[in-house]
Amino acid sequence: MENSTKVTEFILVGLTDDPKLQIPLFIIFFLIYLITLLGNLGMIVLILLDSRLHTPMYFFLSNLSLVDFGYSSAVTPKVMAGFLTGGKVIPHDACVSQFFFFVAFITVENFLLASMAYDRYAAVCKPLHYTTTMTTNVCARLAIVSYICGFLNASIHTGNIFRLSFCRSNVVNHFFCDAPPLLALSCSEHYITEMVIFFVVGFNDLFAVLVILVSYLFIFITILKMNSSEGRQKTFSTCASHLTAVSIFYGTGIFMYLQPSSSHSMDTDKVASVFYTMVIPMLNPVVYTLRNKEVKNAFRKTVGKAMSSIRFTY
């Protein structure tokens, strides 16, 4: 019976074999990762330090920043190390861990985006009931459920894929351990595995997208009923930023996973993967928070206090 993995390590092909591109790509990805770390971890610290940001919206944003940091860190450091040292080997257990945490965090983000859409619906459409709707307990439960769903989903997919036998090859045609290239290496029958991925990912995405679409449908109806053009513009601007990020996130995920394995082009998948593993986590702090006046004011206040403390010390 083929019920065990026959390899102890995998070889990641990476993005390119061109030696002239290794250092430039390392520099680019290092800068992207640095911005991701500073943006997301800085946002978490800022929200914790400033009491004016202790609201449901910023509670979800802090969790989103944590998740972005998590799934970017699951992939990017290994990619940078490959550019710098040329090392492409990843142990089997490390591959399992990378896949698990990437799937877990990206699934958590999926449900956090839906929770954020519901939060915006409550704020825009039911402003008088907002404080009683989005209570601390409700926010905590939404976040906890998001994490539970994320790690449960990761457990299902990790067990489902790594129960297969990888006896054809150990060369993964990707820059990290992802489902499609791993399935391509399996010599086991993996039709059921593909169907599980298709239906579970499809259900998770469909549920979250429906929550987002319904929430924004009511938001747009409320916006159209507003008498103040300034109010409409301000509310729509917030929605447009959120919907742009949501479109990138879900569009890339659907393109990657909700298609038959025979239709996959690994080179195209790699480009798409760069967006959702590295670029989206970098952009989210900008899209969601850095354009917000409250965050800018909190940042100036925190920096001002830090500078005053330094001057007082010296």
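**Notebook: Ser73 and the α6–α8 pair**

I looked up the neighbours of Ser73 and found that, leaving aside residues up to four places away in sequence, Ser73 touches Tyr33 and Leu37. I note that the model is predicted.

I then placed Ser73 in its element: Ser73 belongs to helix α2, which covers residues 56-73.

I checked the polar partners of the Ser73 side chain. One of them is the side chain of Tyr33, with a polar contact at 2.8 Å. I also recorded that a polar atom of the Ser73 side chain lies 2.7 Å from the backbone oxygen of Phe69.

I asked whether Ser73 is buried, exposed or partly exposed. Its relative accessible area is 22%; buried would require under 20% and exposed over 50%, so I entered Ser73 as partly exposed.

I looked up the spacing between Ser73 and Phe101. These residues are 28 residues apart along the chain, and their C-alpha atoms are separated by 9.4 Å.

I turned next to a helix pair. The axes of helix α6 (residues 136-162) and helix α8 (residues 191-225) come within 10 Å and cross at roughly 165°. Angles over 145 degrees count as roughly antiparallel, and I therefore recorded α6 as roughly antiparallel to α8. The crossing of α6 past α8 is left-handed.

I listed the residues that make this contact. From α6 they are Asn153, Ile156, His157, Asn160 and Ile161; from α8 they are Thr193, Val196, Ile197, Val200, Val201 and Asn204. I sorted the residues of the α6 contact with α8 by character and obtained 6 nonpolar, 5 polar and no charged.

How values were computed: Residues numbered from 1 in each chain as written. Predicted model: local features only at pLDDT ≥ 70, side-chain atom pairs only at ≥ 80, totals over all residues. Heavy atoms only, no water. Helix = DSSP H or I, 4+ residues; strand = E, 2+ residues; numbered from the N terminus. Buried < 20%, exposed > 50% of the residue type's maximum accessible area, 1.4 Å probe, protein only. Contact = heavy atoms within 4.5 Å. Polar contact = N/O pair within 3.5 Å; in protein donor to acceptor, adjacent residues only side chain to side chain. Axes fitted to C-alpha atoms, helices over the stretch in contact; angles between N-to-C directions. Parallel < 35°, antiparallel > 145°, perpendicular 65-115°, else oblique. Left-handed = near helix turned anticlockwise from the far one by under 90°. Nonpolar A, V, L, I, M, F, W, Y, C, P; charged D, E, K, R; others polar.
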